[in-house]
Every structure is written in structure tokens, then in C-alpha cells.
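Here is a short tour to read alongside the model on your screen. Keep the viewer open and follow the residue numbers as you go.

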Amino acid sequence: MTSLLQTLSCADDYDPNSLHVDRARELILDLLPPVTGHERVFVRQALDRVLAADVISPIDVPSHDNSAMDGWAVRFDDLAAEVETRLRNIGTAFAGRAFDGKVGAGETVRIMTGAILPQGVDCVVVQEVVRVEGDAVIIPPGQRREQNTRRAGEDLQAGRPAIPAGKKLRPAEIGIIASLGIGEVSVRRRVRVALFSTGDELCSIGTPLAPGAVYDSNRYTLWGMLTRLNCEVIDMGVVKDDPASLEAAFREAAGCADAIITSGGVSVGEADFIKQLMTQLGEVAFWKIAMKPGRPMAFGRIQPDGPERPGAWLFGLPGNPVAVMVTFYQFVLPAIQKLAGVDPLKPVPAFPARCTEEMKKGRGRTEFQRGILFQENGEWCVRPTGAQGSGVLRSMAEADCFIVLEAGRDKVGAGDTVNVQLMNGLV
């Protein structure tokens with residue numbers, strides 16, 4: 001298998017000591033291949049799964065020419081261009097019960113939405129503009145040929161792809177599959193992610209806190225984010241700051257998962273062993289990113305059994321709860337999408353808003369402040385949630401957006417324009 005460092009050394013602006021956010025994300029996505037393997041599932045089990053093969057339409061949708069509105073089915077050539085046209089009503093066409101006959105010159109048929117267009121008809125006039133006098137139907141001028149009609153196959157055509165492989169199946173795609181009468185589809189297998197937290201100070205829920213200990217929240221936060229991405233999550237608990245224990249955990253995780261996510265142990269403390277073990281068991285691509293929060297973040301590959309084995313991709317996230325979430329959404333989320341085979345990848349869009357409060361900012365790094373978006377006098381505005389420390393998880397719970405402050409920017413004054421990323425659907 002090609003060395004990560006050999007691959008990355010050829011990339012422009014590659015600096016393992018401090019990569020800019022966009023460059024780090026780009027390098028990660030360039031390296032990751034989609035997972036292999038797929039399975040067939042019932043359509044109701046396919047929501048949020050990634051399609052492994054094109055869904056080919058076995059039928060035309062719609063299957064017949066039909067009416068898009070309730071109204072009157074007419075022959076356009078019967079209609080006068082400048083004055084009203086008087087036609088004779090000869091019947092009714094219902095959805096699911098077609099009119100049995102042909103519409104001739106000077107005739108019309110009452111038609112319901114979805115009903116098959118009778119033979120000879122090429123126009124539907126909406127009922128609201130028509131006058132009915134006995135069996136006579138008066139059509140106003142100004143109609144258009146083929147108005148309010150739907151042609152067979154205009155949505156989907158038999159023998160052609162209805163949904164391409166690589167598409168994440170949302171409710172709309174589930175509906176399309178059902179509209180074709182298809183009960184099972186082939187989807188990519190779920191991405192398997194092993195996660196564990198590191199640190200002697202971490203305590204599991206249900207255990208009394210010892211002096212200096214804290215409850216481990218990161219595994220629960222990561223579980224929630226990974227579950228939303230439809231991953232198969234392997235929770236390996238808390239691993240103490242002990243090289244032998246960490247090595248055993250890495251070996252186990254690399255043998256069962258496509259990716260490994262750790263939290264803690266990637267800074268420069270004496271007990272931070274993640275980078276050392278990554279180098280020993282695989283490769284470290286980079287370990288610092290020019291961002292806040294989340295500067296100490298390691299990315300690489302664990303291959304304890306040699307380069308001939310696939311191993312697992314490793315994301316060594318910081319230990320602080322907010323830094324975990326920010327680095328996850330900026331780097332791990334698109335990486336999981338790439339592993340899952342989602343195509344194309346769509347980054348979270350940013351848009352401008354007026355910041356209503358002053359904010360401090362250090363030049364040379366991208367900062368992701370947590371904000372609350374609102375409207376004021378028809379203008380989008382944003383304000384920070386308050387304390388922005390990387391340990392203040394409440395700042396994520398209260399926020400609905402990231403305030404993205406670019407690397408070259410200094411502090412923000414009240415009234416300045418900033419870029420924001422919506423969290424809707426992420427957190």
C-alpha cells in the first residue's frame with residue numbers, strides 16, 4: 001500500500017506541523033477510498049443508506065398521458081383563438097377509471113387529476129375558468145396546447161437509471177423507488193467506526209467521581225454524531241494513558257473497523273501517546289491544524305499487521321468537548337461521507353451575516369465560534385453564545401451556527417460582516 005507520507009509530500013502547501021483547515025480537509029478526502037461491500041435491504045430499511053448500484057426504472061412514470069389538474073379534456077384544434085368555444089360534454093374520466101371512448105370534434109370530457117387522457121385529447125382546461133350550461137361547456141380563449149397535461153415517461157423512463165449509484169437515499173428517493181414497484185435495493189455496507197476516549201482522569205457514567213476526575217462525555221457526543229451518519233459504531237470505552245493499553249486498543253480497532261476515532265492524547269503532554277503509537281503502528285499524516293478550537297488533531301492510518309493489510313484510518317481528536325465537535329464536523333463528517341461512497345460531497349455552505357457583538361480573534365488560524373442566528377429589520381444577524389472556551393459544551397448546545405472567522409482576519413467589531421455555517425442537520 002502506498003505510503004501516506006510519500007503521497008502527501010508531493011502535495012502543495014503540505015505542512016504536518018500546521019495545515020490550514022481547507023487544505024487539511026482536501027488532503028483527507030483525496031486519500032480516502034469508499035468502503036467495499038454491499039447488501040440488499042427492503043426499501044423501508046434503506047433510508048439514509050448509500051445506493052450501491054443504479055436503480056433502473058422497470059416502467060414509465062407516469063405510465064400514461066394524464067391530467068395534471070381537475071378540468072375539461074379538449075382537442076386544442078377545436079378551440080377558437082380570440083373568442084369563447086362551445087363544446088359538448090360526453091362523459092367523465094376519473095383517476096383509476098379511464099373514459100371509454102374517443103373525443104371527437106366539438107366534444108369534451110370532464111377529467112380529474114391523474115386520470116388518463118382520452119384518445120384525441122391534447123389539452124386540459126382548468127375547471128375554474130369554464131362555464132357549464134346543461135351539456136354545453138364554454139371554454140374561454142387563451143388556452144395552450146398540452147397545458148395541464150403530463151406525458152407518459154416524463155418523470156422516469158423504462159430502462160433508464162432512476163437514481164444513480166452513490167446517492168444517499170432520502171425520503172424522496174425512497175418514494176421514487178416505491179413508485180417503481182421495487183421492494184429491495186442494493187446499498188453499500190455501513191462504515192464501521194471504532195471509538196474510544198483516552199485519559200486517566202475520565203470516569204464512566206454510573207461511577208462516583210474521584211478527586212480530579214470528570215465524566216467522559218466525548219464518547220456519547222461522538223456516538224450521537226456517528227449514529228446520525230448511519231455508521232456502525234463500535235464503542236471501546238475509556239482507555240487509560242498507558243502505552244500497552246493504547247496499543248492493544250489500536251490493534252483491536254484496526255482489525256474490526258474502517259476508521260478509528262479517539263478523543264484526547266494528541267497534544268504535547270508527557271502522557272499524550274497517540275502520535276507516538278500512530279507512528280509505531282502506522283503513519284501520521286499530520287497532527288496540527290491552524291484552527292481554534294481543535295489545533296491538536298492527528299490524522300493517519302493504523303496498520304499494525306503490515307502494509308499489505310488495509311488497517312484503519314485514524315482521527316485523533318482533541319480532548320476538550322467543543323474541540324471534539326468542531327473537528328468532527330469540519331473533518332470527520334466529510335471523511336465518513338467519502339468512506340460511505342456518497343457522491344458528490346457537498347461542504348456545509350457559509351453565508352454572510354452581521355455580527356452584533358465584538359469578538360476577539362487571533363491572526364493566522366481559522367476560528368469556529370458558536371453563534372445564534374436571528375433576523376433584525378429584515379437582515380440576518382448573529383451573536384456569539386457567550387463563553388467560547390473549548391471546554392464549554394453548553395456553547396454547542398445553545399448554538400445554531402458556527403461563526404467562521406478566516407485565518408487572515410483580526411478581531412471582529414460589532415456590526416462587522418462574518419460568515420456563518422448553519423448547524424441544522426449536523427448537531
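**Helix packing and backbone features**

In this predicted model, helix α4 (residues 218–228) packs against helix α7 (residues 321–340) at an angle of about 30 degrees, with the two axes 11 Å apart. Angles under 35 degrees count as roughly parallel, and α4 and α7 are therefore roughly parallel to each other. Helix α7 also meets helix α2 (residues 21–31), so let's take the two contacts one by one and then turn to the backbone and the whole chain.

**α4 against α7**

- The crossing in which α4 passes α7 is right-handed.
- From α4, the contact draws on Asn218, Thr221, Leu222, Met225 and Leu226.
- From α7, the residues that take part are Pro321, Val324, Met325, Phe328, Tyr329 and Ile336.
- Sorted by character, the residues of this contact of α4 with α7 are nine nonpolar, two polar and no charged.

**α2 against α7**

- The axes of α2 and α7 come within 10 Å and cross at roughly 25 degrees.
- That angle makes α2 roughly parallel to α7, since angles under 35 degrees fall in that class.
- Here, too, the crossing is right-handed as α2 passes α7.
- On the α2 side you will find Val21, Ala24, Arg25, Ile28 and Leu29.
- They meet Gln330, Phe331, Pro334, Ala335 and Lys338 in α7.
- The contact of α2 with α7 divides into seven nonpolar residues, one polar and two charged.

**Cis peptide bonds**

- Most peptide bonds are trans, which is a handy background for the next two bullets.
- The bond from Val61 to Pro62 is cis, with omega near -5 degrees, and Pro62 sits in the loop between β2 (55–56) and β3 (66–67).
- The bond from Lys292 to Pro293 is cis as well, with omega near -10 degrees, and Pro293 lies in the loop between β19 (291–292) and β20 (298–302).

**Positive phi outside glycine**

- Most residues other than glycine have a negative phi.
- Asp48 has a positive phi, near 70 degrees, and its place is in the loop between β1 (38–42) and β2.
- Is Asp48 buried, partly exposed or exposed? Its relative accessibility is 32%, and values between 20% and 50% count as partly exposed, so Asp48 belongs in that middle class.
- Asn377 also has a positive phi, near 55 degrees, in the loop between β23 (366–376) and β24 (379–384).
- The relative accessible area of Asn377 is 82%; exposed means over 50%, so Asn377 is exposed.

**The chain as a whole**

- How many helices and strands does the protein chain have? The secondary structure comes to eight helices and 26 strands.
- The radius of gyration of the chain is 30 Å, well over the 22 Å that the globule rule gives for 427 residues, so the chain is more spread out than a compact globule.
- Along the principal axes, the C-alpha atoms fill a box of roughly 95 × 55 × 50 Å.
- Of the 427 residues, 46% count as buried.
- Among contacts between residues at least 6 apart in sequence, 70% join residues at least 24 apart.

How values were computed: Residues numbered from 1 in each chain as written. Predicted model: local features only at pLDDT ≥ 70, side-chain atom pairs only at ≥ 80, totals over all residues. Heavy atoms only, no water. Helix = DSSP H or I, 4+ residues; strand = E, 2+ residues; numbered from the N terminus. Buried < 20%, exposed > 50% of the residue type's maximum accessible area, 1.4 Å probe, protein only. Axes fitted to C-alpha atoms, helices over the stretch in contact; angles between N-to-C directions. Parallel < 35°, antiparallel > 145°, perpendicular 65-115°, else oblique. Left-handed = near helix turned anticlockwise from the far one by under 90°. Contact = heavy atoms within 4.5 Å. Nonpolar A, V, L, I, M, F, W, Y, C, P; charged D, E, K, R; others polar. Rg over C-alpha atoms; globule rule 2.2 N^0.38 Å.
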